[in-house]
Amino acid sequence: MSYLRGERKRKFKAEINVVPYIDVMLVLLVIFMVAAPMTNPSVINLPTAGQSTQPPTDYIEITLKPDAAATISVTSKNGANGNNQQESREEVKNRQQLYSLLREYHQKKPELSLLVSADKGIIYDEVVQVVSEAKKIGIKRVGLATR
């Protein structure tokens, strides 16, 4: 009978209103866009190292160059005046020659320490490989030269 009086039956909406969700997502997007440049993922905080309390008097020095060439030398303090003197110095063209000379020097004088100095433009992995090879050979004390 209610249809006769001009009343219509109300239908329920079964839709979700997504406009508030879109507003929240846009606000979050703006927050992340503003906050993203504030973090700098490329900055690495390296630890600082103090000077050794007792630097070695005799050591093997390896100088690495970016073109895969290297220099290996044995350096020792010269008596009372304390000046460093290179006993031998050899240029090598590749890493295999370097490792074989390092092994030879270590077999002659196993008590020698190793000092690795690398060019600023060298790949970090090459320095790590030299240090790793020195540890495999049996050198107990390895140092890195800094400016």
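**Exercise 1. Determine which residues S117 touches, leaving out those up to four places away in sequence.**

Solution. S117 touches E61, I62, T63, L64 and A145, where contact means heavy atoms within 4.5 Å. Next, place the residue: S117 is found in strand 4, helices (H or I, at least four residues) and strands (E, at least two) being DSSP runs numbered from the N terminus. One of the partners, L64, is 53 residues from S117 along the chain, and their C-alpha atoms are separated by 6.3 Å. Last, S117 has 15% relative accessibility and therefore counts as buried; buried means under 20% relative accessible area, exposed over 50%, and partly exposed in between (1.4 Å probe, protein chains only).

The model is predicted: local features need pLDDT of at least 70 and side-chain atom pairs count only at pLDDT 80 or more, while totals for chains, interfaces and linings use all residues. Residues are numbered from 1 along each chain as its sequence is written, and side-chain values use heavy atoms, with hydrogens and water left out.

**Exercise 2. State where V127 is found and whether V127 is buried or exposed.**

Solution. V127 is found in helix 3. Its relative accessible area is 11%, so V127 is buried. Apart from neighbours within four places in sequence, V127 is in contact with L64, V116, A118, I122 and L144. The C-alpha atoms of V127 and S117 are separated by 8.6 Å, with the two residues 10 apart along the chain.

**Exercise 3. Check the length of helix 3 (residues 124-137) against the expected span, then describe its buried side.**

Solution. The expected span of a helix is 1.5 Å times one less than its number of residues. For the 14 residues of helix 3 this should give 20 Å, and the end C-alpha atoms are 20 Å apart, which agrees. The buried residues of helix 3 are V127, V130, E133, A134 and I137. They cover an arc of only 125° around the axis, which puts them on the same side of helix 3; the arc is that of the directions from the helix axis to the C-beta atoms. On the other side of helix 3, Y124 and K136 are exposed. The cover over the buried residues includes strand 1 (58-64), helix 2 (95-108), strand 4 (113-118) and strand 5 (142-144). Just after helix 3, G138 takes a positive phi of about 120°.

**Exercise 4. Describe the largest nonpolar core and name the elements that supply it.**

Solution. A nonpolar core is a set of buried Ala, Val, Leu, Ile, Met, Phe, Trp, Tyr and Cys residues joined through side-chain atoms within 4.5 Å. The largest has 21 residues, and those with the most contacts inside it are I60, I62, L64, I72, L98, L102 and L114. Strand 1, strand 2 (70-78), helix 2, strand 4 and helix 3 each supply at least two residues of this core. Helix 2 gives the largest share, five residues. Leaving aside neighbours within four places in sequence, L102 is in contact with I60, I62, I72, L114, A134, I137 and I139.

**Exercise 5. Summarise the chain, then compare the record for residues 21-38 with the model.**

Solution. The chain has three helices and five strands, in the order α-β-β-β-α-β-α-β. Buried residues make up 22% of its 147 residues. Among contacts between residues at least 6 apart in sequence, 56% join residues at least 24 apart. For residues 21-38, an unreviewed UniProt entry carries the annotation "transmembrane region"; such annotations may be inferred rather than shown by experiment. In the model this span is 83% helix and 0% strand, with its end C-alpha atoms 26 Å apart.
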